[in-house]
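Please walk through this protein with me, beginning with its overall make-up and then turning to its cores, its helix contacts and a few single residues.

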Amino acid sequence: MTALWGILAVVLLVALLFALFKRVRPVWVKLLLIVVILLGLGFSLFKFVFPMNEGPSPTGPYAVRTERVFYTHQTAIPQMATAGSNREVPVSLWLPEGTGGEHALVIFSHGSFGIEESNPSLFNDLASNGYVVASLGHPHHSFTTTLSDGTRANLDWGFFQEVVGSKGAEDASALFAEFNKWKSVRVEDISFALDSLLADENYAGAIDEGQVFLAGHSLGGSAALEVGRARSGDVQGVIALESPYFGDITGVEGNRFVFTDEEYPVPVLHFYSDALWGKLEEITTYEMNQRLLEAGDDRFVNVHVEGSGHIGLSELSLSSPLLTNLFDEGLNTRDAFERVSQINAATLDFLDAHTK
């Protein structure tokens, strides 16, 4: 109803301005009215599409400061380099203030075409409760990210076309090759950022290297799960926002994936939207997810965010409910603030359970 009232208000405003337009005679006044109409339409449309709603406030006792750092290395994926054969990985940090000692670290990787600030209220909430959060910019995978020299590394068009044009589980062999290509970028970035943050003397007294957690949405979550398995000696847990265990696939038989029988080594908090909840067993990509859902193991916590679509698990649902619902084909039926609050609270509970 709010959206309908907003549209009606815009229509009435335009009608009023055009009525005035007919009555005035001087040309300069008519031109001024045209400008007012265009500006009014543009502003109203922008506010309608991007209301930029506030997310939940931080729940912890600590003030939060933000920083940005950049780590560069020679990449094994030349087509994703940012200069020569090197790849620079920007890292946005949320840190608690007014508290001494070392803090658990959470490294976050956004979904395809996302940005470092994909879940800002989550990052602020965790930092206010004593966690250090590091959200990665993935040059050429992020919609856009700014490098240390001020230039922008925008979304790679080839990557965009591959993701949008993918046939998904309809062609398991093709998807296996595609997904391995996409997530190899993320796996490299996450592992490199983890090593860099732990080695960075600027954070030597702030980060507890014995309490490291990885997190991510969709593609970013899949990469976090893969690094979590590969580096279980360094990683204490993973938080995934609707992500397949693609790193656990050992091959393809017919049109189905074959998953490893090895137990997943660290605790996982996994969020699911209405897009997949109750449907995991029908999709070969999510067979490992279904296996862990049925395991009955307390280490694997599964949360259904009702009234949400896949993109609705990010905070784009706060910035632009309209666009999010278009992407999610109308699945975001519950208030975005409530959905984000549920994700934030469950994440904090999971981390507290494994650190305190």
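Ten helices and twelve strands make up the secondary structure of the chain, and the model shown here is a predicted one. Of the 356 residues in the chain, 47% are buried. Among contacts between residues at least 6 apart in sequence, 74% join residues at least 24 apart.

The interior can be approached through its nonpolar cores. In soluble globular proteins, nonpolar side chains tend to be buried together. Here the largest nonpolar core has 45 residues, and those with the most contacts inside it are L93, L197, L214, V238 and Y264. Helix α5 supplies the largest share of this core, namely ten residues. Apart from this core lies another one of 24 residues, which includes F108, L122, L126 and F213. To look at one residue of the largest core, L93 touches R65, T66, E67, V69, V132, V133, A134, L197 and Y203, when residues up to four places away in sequence are not counted; L197, in this list, is also among the residues with the most contacts inside the core.

A buried position in a strand can be followed in a similar way. V212 is placed in strand β7, which covers residues 207-217, and V212 counts as buried because its relative accessibility is 0%, where the cut-off for burial is under 20%. Leaving aside neighbours within four places in sequence, V212 is in contact with L105, L194, L198, D234, V235, Q236 and G237. One of these partners, D234, is 22 residues from V212 in sequence, while the C-alpha atoms of the two are 6.8 Å apart in space.

After β7 comes a loop that leads to α6, and S218 lies in this loop. S218 is not a glycine, and yet S218 has a positive phi of about 60°.

The next topic is how helices pack against each other. Two packed helices are described by the angle between their axes and the distance between the axes. For helix α5 (residues 172-199) and helix α6 (residues 219-230), the axes come within 9 Å and cross at roughly 65°, and the crossing is right-handed. On the α5 side the contact is made by F179, W182, K183, R186, V187 and I190, and on the α6 side by L219, G220, S222, A223, A224, E226 and V227. Sorted by class, these residues are eight nonpolar, two polar and three charged.

S184 also has its place in helix α5. With a relative accessible area of 29%, S184 is partly exposed, because that value falls between the limits of 20% and 50%. The side chain of S184 reaches the backbone oxygen of K181 at 2.7 Å. Between the C-alpha atoms of S184 and E226, which are 42 residues apart along the chain, the separation is 9.9 Å.

A second pair of helices is α3 (residues 120-128) and α10 (residues 336-355), whose axes come within 10 Å and cross at roughly 35°. This crossing, too, is right-handed. S121, L122, D125 and L126 of α3 meet V340, N344, T347, L348 and L351 of α10, and the residues of this contact divide into five nonpolar, three polar and one charged. Two of the α3 residues, L122 and L126, were already named as members of the core of 24 residues.

In the loop between α9 (321-327) and α10 sits E329, a residue other than glycine whose phi is nevertheless positive, near 55°. E329 counts as exposed because its relative accessibility is 75%, where exposure requires over 50%.

The last stop is helix α7, where the buried residues are M288, N289, Q290 and L292. What covers them includes the strands β10 (256-259), β11 (268-272) and β12 (300-304). Which side chain does N289 join in a polar contact? The partner is Y272, and the contact between the two side chains is 2.9 Å. N289 counts as buried because its relative accessibility is 0%. Leaving aside neighbours within four places in sequence, N289 is in contact with S243, P244, Y245, H270, Y272 and L280. Just after α7, G296 takes a positive phi of about 70°.

Notes: Residues are numbered from 1 along each chain as its sequence is written. This is a predicted model: local features need pLDDT of at least 70, side-chain atom pairs count only at pLDDT 80 or more; totals for chains, interfaces and linings use all residues. Side-chain values use heavy atoms; hydrogens and water are left out. Axes are lines fitted to C-alpha atoms, for helices over the stretch in contact, and angles run from 0 to 180 degrees between N-to-C directions. Helices (H or I, at least four residues) and strands (E, at least two) are DSSP runs, numbered from the N terminus. A crossing is left-handed if the near helix is turned anticlockwise from the far one by less than a right angle, and right-handed if clockwise. Contact means heavy atoms within 4.5 Å. Ala, Val, Leu, Ile, Met, Phe, Trp, Tyr, Cys and Pro count as nonpolar, Asp, Glu, Lys and Arg as charged, and the others, Gly among them, as polar. Buried means under 20% relative accessible area, exposed over 50%, partly exposed in between (1.4 Å probe, protein chains only). A polar contact is a pair of N or O atoms within 3.5 Å; within protein, one must be able to donate a hydrogen and the other to accept it, and residues adjacent in sequence count only if both atoms are side-chain atoms. A nonpolar core is a set of buried Ala, Val, Leu, Ile, Met, Phe, Trp, Tyr and Cys residues joined through side-chain atoms within 4.5 Å.
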